[in-house]
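Me: Please take me through the model shown below, one question at a time.

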Number of protein chains: 2
Amino acid sequence: MTDQIVTPFRSESHNHKRCVTDAMALAEERCARRGARLTRIRRRVLELIWSRHEPVKAYDLLDQLREEHRGAAPPTIYRALDFLLAEGLIHRIESLNAYIGCGDPSHPHLGQFLICERCNAVAEMDDDDIRDLLAHKAALQGFHVNWQTIEINGVCPSCRAIPNGTVSGNETDTPADRCR
Amino acid sequence: MTDQIVTPFRSESHNHKRCVTDAMALAEERCARRGARLTRIRRRVLELIWSRHEPVKAYDLLDQLREEHRGAAPPTIYRALDFLLAEGLIHRIESLNAYIGCGDPSHPHLGQFLICERCNAVAEMDDDDIRDLLAHKAALQGFHVNWQTIEINGVCPSCRAIPNGTVSGNETDTPADRCR
DNA sequence: TTGTCACATGTTATTCTATTGCAAACAATG
DNA sequence: CATTGTTTGCAATAGAATAACATGTGACAA
Ligand SMILES: [Zn+2]
Ligand SMILES: [Zn+2]
Ligand SMILES: [Zn+2]
Ligand SMILES: [Zn+2]
């Protein structure tokens, strides 16, 4: 079975705190092994990203960071994001100018993202079939692939269960909200 | 054969003027049939986009438009781009914040883009196999697809022919330059 | 300990990308 | 002509990201 789901859509009842601490532990471990310095700021930014199950914007992170860290400025955030991207701890969603935690930082990869346009939840796949098919089709054009950006918008399983025009209980719910 | 190349990588010797006028003729025809108003500004913006065989930035278009149209401002460009996107006459390349002419506006589609990181040339595919595989993989997660963003970065055939570290004749060449 | 070096952060300003809101101009229709 | 909807002009602002340079910090060797 070549297809692999790195970050699935989560059930409404999953333990969200656990989910964050697990991700942080993986990050600590990986950085330690690689001699990468997961400093206080970088760690905190990663934690802020993980604390939502949806793509987070750089300036949202900045606002949150400012509350506890006077003097935080755009470069503070973008440097942390650059580090986290380089270490494979987060991914950037190009179509949203936003960032999301990687569910499997153990090996570097480009993901394929399923983005719900109703609730903003995101699932990450790392599917060999997709990667290979794209590489094959590109090769037919004589093109050598270095990087793939694959972002799929649509409706996630939970939202499909809700009749289309229905006004849900709370339209401003975020994926993380539904986990609490 | 399900795979389809909408805009191939062009040979260095193709007739570039012809290529632009053909695209404009298709656009005129399509807008006429649909009752869409391809106004002077919109037409000119489309022409500016087609006159390069690479993704063009909004503010580059603005600079060019200003030279012949005093009073052009950001909204002037973005409104034109919105119209052209809505009519399927151009595509937006998310990973570059840039826009490129669509090689087949006759039917609306999401494309798959091959972007050369050396010369900035872009080829557009509209490949059913890719579309279907993604839809299938998404369905396995219970996800319903509405939109796909697929952008593949790498090295185009012409650039692969040039040894890697070689300094080419003119590094600032654009795809359109090479066509003249 | 002290010096040194690489790396990380602070600070200010700027660039690039895109949207909002409202007024004026224009085109199609009857 | 009058009406209506669309397009454009214009000024301001929001949002995303980087540049440039100064300052701080931690590891390590002299
Ligand atoms: Zn990942
Ligand atoms: Zn959803
Ligand atoms: Zn197209
Ligand atoms: Zn190339």
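**DNA strands and zinc sites**

Me: Of the atoms of DNA strand C within 4 Å of the protein, what percentage belongs to sugar or phosphate?

Reply: This is a predicted model, in which local features require pLDDT of at least 70 and side-chain atom pairs pLDDT 80 or more, while totals for chains, interfaces and linings use all residues. Residues are numbered from 1 along each chain as its sequence is written, chains are lettered from A and ligands numbered from 1 in the order written, and side-chain values use heavy atoms, without hydrogens or water. Bases make up the rest of the atoms of DNA strand C within 4 Å of the protein, and the share of sugar or phosphate is 53%.

Me: How many residues surround DNA strand C?

Reply: A residue is near a strand if one of its heavy atoms lies within 4 Å of it. The closest to DNA strand C are Thr39(A), Arg79(A), Lys57(B), Tyr59(B) and Arg92(B). The number of residues surrounding DNA strand C is 21.

Me: Which base atom of DNA strand C lies 2.5 Å from a polar side-chain atom of Arg79(A)?

Reply: A polar contact is a pair of N or O atoms within 3.5 Å. Phosphate oxygens of DNA strand C take part in such pairs with Arg70(A), at 3.4 Å, and with Tyr78(B), at 2.9 Å. For Arg79(A), the partner at 2.5 Å is a base oxygen.

Me: Which element gives the most to the surface near DNA strand C?

Reply: Helices (H or I, at least four residues) and strands (E, at least two) are DSSP runs numbered from the N terminus. Two or more residues come from each of helix H2 (40–50) and H4 of chain A and H4 of chain B. The element that gives the most, with 4 residues, is H4(B).

Me: Which element gives the most to the surface near DNA strand D?

Reply: DNA strand D is surrounded by 18 residues, Tyr59(A) and Arg79(B) being among the closest. Sugar and phosphate provide 58% of its atoms that come within 4 Å of the protein. At least two residues each are supplied by helix H4 (74–86) of chain A and by helices H2 (40–50) and H4 (74–86) of chain B. The element that gives the most, with 4 residues, is H4(A).

Me: At what distance does a polar side-chain atom of Arg42(B) lie from a phosphate oxygen of DNA strand D?

Reply: Tyr99(A) has a polar side-chain atom 3.5 Å from a phosphate oxygen of this strand. Arg79(A) instead has one 3.4 Å from a base nitrogen. For Arg42(B) and a phosphate oxygen, the distance is 3.1 Å.

Me: Why is the arrangement around the zinc ion (ligand 1) irregular?

Reply: Donors are N, O and S atoms within 2.8 Å of the metal (3.2 Å for Na, K and Ca), and here they are His91(A) (NE2), Cys102(A) (SG), His109(A) (NE2) and Glu124(A) (OE), at 1.8 to 2.2 Å. Four donors are tetrahedral if all angles lie between 85 and 135 degrees; four are square planar and six octahedral if opposite donors are over 155 degrees apart and all others between 65 and 115; anything else is irregular. The arrangement is irregular because the 4 donor atoms subtend angles of 85 to 149°.

Me: Are His109(B) and Glu124(B) buried or exposed?

Reply: Both coordinate the zinc ion (ligand 3), together with His91(B) and Cys102(B). His109(B) belongs to the loop between strand S3 (98–101) and strand S4 (112–116) of chain B, and Glu124(B), 15 residues apart, to strand S5 (residues 122–125). By relative accessible area (buried under 20%, exposed over 50%, partly exposed in between; 1.4 Å probe, protein chains only), both residues are buried.

Terms used
Polar contact = N/O pair within 3.5 Å; in protein donor to acceptor, adjacent residues only side chain to side chain.
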